[in-house]
Structures are given as C-alpha cells and as structure tokens.
Amino acid sequence: GPRPALETSHAKRSIALSSTACCARGMAAAAFYFWLLAFLVGAGLVFCCVVHIITYSDLESDYLNPLDATERLNRFLIPEYVAHTALTILFLLSLNFVPLIANGALSAWHVKCYLEKQHLVDATRIYPMLAERKKQCLVKLGFYTIMFFYYMYRMIYALVWGRIGAANGGSSGSSRFAGR
C-alpha cells in the first residue's frame, strides 16, 4: 500500500525537477544565443567603423580618390544603420534597458541623419567634412567597442550561469533570460 504511493510521489517530484532543469537549460541557452547574436552584431559594427576610419585616413593621405572613398564609405553606412537599429529593437523587445538606453541614443542619431539625408557621403563635398566625419567615426568606434565588450561579458555571464544552473538542477540561473 503506502510504499507504491511513496514511490509514485518520488517519481512525480523527480519528473518535476527534471522538467525544471530542462526549462532552466532552455532559458540559459536562449540567453546565451541572444548575447552571442549581440556580440556578433557588435563585432560587425566595430568592423564597419574601422573600415570608415581607414578610408578617411587613406583619403586624407591621398591614397584614395574621393569617388573610391565615397563608394567604400557609403557601401557600409546603410548596413551599419540597419544592424544597429535592429540590435536596439532587439533590446527593446527583450526589455534589456541598459543596452537599450545606450544604443537608443545612437540609433536616434542615425535615424535623424537618415531622415535629413546626411547619412551618405558626397564625393564633391567630402574634403570640407572630412575632419568632422572622422571624429564622428572615432566616437562611434569607441562606443561600439565598449558595447562589444559589454555584450561579450553578458554572453559569458549567460554561459557560466546557465551551466551552474543546469548543474544545480535548475535552482540557479533558471529565472535569468537575456535581461538582468
């Protein structure tokens, strides 16, 4: 009599714990992949800024003519704006407020430049605005680099706490998704 009921109760509790651990592993994996995506997009944004800075430096040193420079610069501008705005929207949807606020300001500036048609570089007016554009690129590179390391930190944090939570049967880290 009582022994099978006890075993049944123990089996139900074991199933519930394994279900919780499975859910915790799923949430930890989702958090890891979320921050991995942010990390990879951040790396792409850093790359775009480095290409811009090299192009501006080459133009300044007369290694490139203005037509080639504007073609190279404009090729990376729209993808940079789209990637950065998509990343900001992703932070909004996942309720990650720290990176949302940080990225939101730059995304708003990108949208402003795009709407005022100031985002593309014109070959006929590149030299008067060269110093200003290079300075903007350096500031954006600094911002993207800081955010890149923030995304890397959060990715590693999600990976480590996901493994610890899974090792403890889901008790630690199970309520941690992408936000903190």
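A residue counts as buried when its relative accessible area is under 20%, as exposed when that area is over 50%, and as partly exposed in between. These cut-offs are applied below to a predicted model.

Take Lys 134 to begin with. This residue lies in helix H4. Its relative accessibility is 19%, so Lys 134 counts as buried. Which residues is Lys 134 in contact with, once its neighbours within four places in sequence are left aside? They are Tyr 56, Ser 57 and Glu 60.

The next topic is the interior. The largest nonpolar core has 33 residues. Within this core, Trp 35, Phe 91 and Tyr 151 are the residues with the most contacts. Four helices each give two or more residues to the core: H1 (2–60), H2 (66–93), H3 (97–115) and H4 (130–167). H1 supplies the largest share, twelve residues.

Nonpolar residues also appear on the surface. There, Ile 78, Val 82, Val 111, Tyr 114, Leu 115 and Leu 120 form a nonpolar patch, and together they have about 550 Å² of accessible area. The elements that give two or more residues to the patch are H2 and H3. With three residues, H3 gives the most.

One member of the patch, Leu 120, is placed in the loop between H3 and H4. Is Leu 120 buried, exposed or partly exposed? Its relative accessibility is 43%, and therefore Leu 120 counts as partly exposed. Lys 134, at 19%, falls under the 20% cut-off and so counts as buried.

Notes: Residues numbered from 1 in each chain as written. Predicted model: local features only at pLDDT ≥ 70, side-chain atom pairs only at ≥ 80, totals over all residues. Heavy atoms only, no water. Core = buried A, V, L, I, M, F, W, Y, C linked by side-chain atoms within 4.5 Å. Buried < 20%, exposed > 50% of the residue type's maximum accessible area, 1.4 Å probe, protein only. Patch = residues over 30% accessible without salt bridge, like charges linked within 9 Å, V, L, I, M, F, W, Y side chains within 5 Å. Areas by Shrake-Rupley, 256 points an atom, 1.4 Å probe, with all protein chains shown as cover. Salt bridge = Lys/Arg side-chain N within 4 Å of Asp/Glu carboxyl O. Contact = heavy atoms within 4.5 Å.
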